[in-house]
Structures are given as structure tokens and as C-alpha cells.
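Got the viewer open? Please load the model, switch to a cartoon view, and keep the selection box handy.

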Amino acid sequence: MNANEKSLNTFATRVRQMILQYEAQRKENDELYTLVDQRDREITQLQKELAQAHADYNTLKMAKMLEITDGDMETAQKRVAKLIRDVNKCITLLSEK
């Protein structure tokens, strides 16, 4: 009976060890799932921020294309005036013939 009790005690000890290992693994698993959920939320937030940054960039790019400064306006007016003078010269030359 002594050998049976010893075997039974060894078996009970091993079962307790397995239960403790199971609990430790389950706790670690829960922590990892929490970490994964947190990372998923961070990824989602960063994707939203990236999409917003792209939208802002495109808006700024469009605004820059539409923006006309005073220097640009003056240059454009000078070019138009020069083109008008050139057209007038051409008309004058054609009408003289």
C-alpha cells in the first residue's frame, strides 16, 4: 500500500503542477490578447490619422495650386499685356498690306 500511496501522491503533485502551469499559461494568454487588442486599436487610430493626413495634404496641394500671390498676378498681367501688344502689331502689319 505504501507504493500505491507514493504513486498517488506523485500523481496528485503532478496534477497540481499541471494546474498551476495551466493557470500561468491562461494568464499569459489573456495578457497577450489584451496586448493584441490594444495594438489593433492603435493601428486603427494610426490608419485614421494617416487617412486624415493624406486628405489634408491633398487639400493643401489643391489650395497651393489655386493660390495666386501678388507677384504671380503682376507677372500674369504683364504676359497678357505683352501678348495683346504682339497681337496688335500683327494686326497692324496685316492691315498695312
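What follows is a walk through the model, from the whole chain down to single side chains.

**Stop 1: the whole thing**

Before you click on anything, keep in mind that this is a predicted model. Zoom out and colour by secondary structure: you should find 2 helices and 0 strands. Now turn the view along the principal axes. The C-alpha atoms fill a box of roughly 135 × 25 × 10 Å. The radius of gyration tells a matching story: the protein has 41 Å, while a compact globule of 97 residues would have a value near 13 Å.

Next, switch on the surface. About 9500 Å² is exposed, and carbon and sulfur atoms supply 60% of that area. How many of the 97 residues count as buried, as a percentage? The figure is 0%.

Colour by charge while you're here. There are 16 positive and 16 negative side chains, and the centres of the two sets lie 5 Å apart.

**Stop 2: the start of helix 1**

Select residues 2-66, and you have helix 1. Within helix 1, pick Phe-11 and show its side chain. Buried or exposed? Phe-11 counts as exposed because its relative accessible area is 56%, and the cut-off for that label is over 50%.

Now add Leu-8, Val-15 and Ile-19 to the selection. Together with Phe-11, these residues make a nonpolar surface patch of about 390 Å².

Keep Phe-11 and draw a distance to Val-80. Their C-alpha atoms are separated by 99 Å, with the two positions 69 residues apart along the chain counted as the gap.

**Stop 3: salt bridges in helix 1**

Side chains of opposite charge can pair when their charged atoms come close. How many salt bridges does a search of the whole structure find? It finds 3, and you can visit them one by one.

Start with Glu-23 and Arg-26, shown as sticks. They form a salt bridge whose closest N and O atoms are 2.9 Å apart. Both residues lie in helix 1, 3 residues apart, which is about one turn of the helix. Turn the surface back on for this pair: Glu-23 is partly exposed, at 34% relative accessibility, and Arg-26 is partly exposed too, at 41%.

Then move along to Arg-39 and Glu-42. Here the closest N and O atoms of the salt bridge are 3.7 Å apart. Arg-39 and Glu-42 are separated by about one helical turn because they sit 3 residues apart in helix 1. For Arg-39 the relative accessible area is 42%, so the residue counts as partly exposed. Glu-42 gets that label as well, at 36% relative accessibility.

**Stop 4: Tyr-33**

Staying in helix 1, select Tyr-33. With 52% relative accessibility, Tyr-33 counts as exposed; the cut-off, over 50%, is what puts it in that class. Then draw a line from Tyr-33 to Leu-60, C-alpha to C-alpha. The two are 27 residues apart in sequence and 40 Å apart in space.

**Stop 5: over to helix 2**

Select residues 70-96 for helix 2. The remaining salt bridge to visit joins Asp-86 to Lys-82, and the closest N and O atoms are 3.3 Å apart. Which spacing goes with this pair? Asp-86 and Lys-82 are 4 residues apart in helix 2, so about one helical turn separates them. On the surface, Asp-86 is partly exposed with a relative accessible area of 29%, and Lys-82 is partly exposed at 47%.

Finish with Leu-83, also in helix 2. Buried or exposed? Leu-83 is exposed, with a relative accessible area of 55%. For a last distance, connect Leu-83 to Asp-72: they are 11 residues apart in sequence and 16 Å apart in space, C-alpha to C-alpha.

**Before you close the viewer**

Zoom back out and put the pieces together. You have 2 helices and 0 strands, in a box of roughly 135 × 25 × 10 Å, with 0% of the residues counted as buried and 3 salt bridges in the whole structure.

Methods. Residues numbered from 1 in each chain as written. Predicted model: local features only at pLDDT ≥ 70, side-chain atom pairs only at ≥ 80, totals over all residues. Heavy atoms only, no water. Salt bridge = Lys/Arg side-chain N within 4 Å of Asp/Glu carboxyl O. Buried < 20%, exposed > 50% of the residue type's maximum accessible area, 1.4 Å probe, protein only. Patch = residues over 30% accessible without salt bridge, like charges linked within 9 Å, V, L, I, M, F, W, Y side chains within 5 Å. Areas by Shrake-Rupley, 256 points an atom, 1.4 Å probe, with all protein chains shown as cover. Rg over C-alpha atoms; globule rule 2.2 N^0.38 Å. Lys, Arg positive; Asp, Glu negative; His and termini not counted. Charge placed at Lys NZ, Arg CZ, Asp CG, Glu CD.
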